[in-house]
Amino acid sequence: MSFVKIEIRKGYSSEYKKEILDGVHQALVDALGIPNSDRFQRIYELDKENFECPPDRTDAVTFVQITLFPGRSFEAKKKLYANIIANLGQNPGIDGNDIMIILLEPPLENWGIRGGQPASAVDLGFDLEV
């Protein structure tokens, strides 16, 4: 399971935002093996004055924060980063230097899922050791 929070500057089309959502989700499926149906994502759009970044970034600067179950290897995480950069570079055309990715991995007992059960007590139906 993963929760994706994406932050961008205001002013982009619905299609642009959908391409970001699709690209990040496909990267999670391909790199970490999450089920295709496991899609919890949201985009936050901020006014430029509320979204500061270094001057070498463009208006397409994109922050991707993914909260996920722990257990993935460093190699799988590197593959995830590369896939996100490649996918968003292709569609909607964001330069890799404008993308920052942050992973958060709270322990399984800190997730209340499927009726409030701790994730550590649930058969997740997929492998975390990728």
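Contact here means heavy atoms within 4.5 Å, and helices (H or I, at least four residues) and strands (E, at least two) are DSSP runs numbered from the N terminus. This is a predicted model, in which local features need pLDDT of at least 70 and side-chain atom pairs count only at pLDDT 80 or more, while totals for chains, interfaces and linings use all residues. Residues are numbered from 1 along each chain as its sequence is written, and side-chain values use heavy atoms, with hydrogens and water left out.

The cover over the buried residues of H1 (buried being under 20% relative accessible area, exposed over 50%, partly exposed in between, with a 1.4 Å probe and protein chains only) includes strand S1 (2–9), strand S2 (40–46), S3 and H2. For the buried residues of H2, the cover includes helix H1 (14–32), strand S3 (62–68) and strand S4 (99–104).

The four strands form an open sheet of mixed pairing in the order S2-S1-S3-S4, where two strands pair if DSSP finds at least two bridges between them. S2 and S4 are its edge strands, each pairing on one side only. S1 and S2 pair in the parallel sense over 7 bridges, and Ile 6 has Ile 43 in S2 as its bridge partner.

The helices lie across the sheet strands at angles that run from 0 to 180 degrees between N-to-C directions, the axes being lines fitted to C-alpha atoms, for helices over the stretch in contact.

| Helix | Strands crossed | Angle |
|---|---|---|
| H1 | S1, S2 and S3 | about 145° to S1 |
| H2 | S3 and S4 | about 145° to S4 |

Just after H1, Gly 33 takes a positive phi of about 70°.
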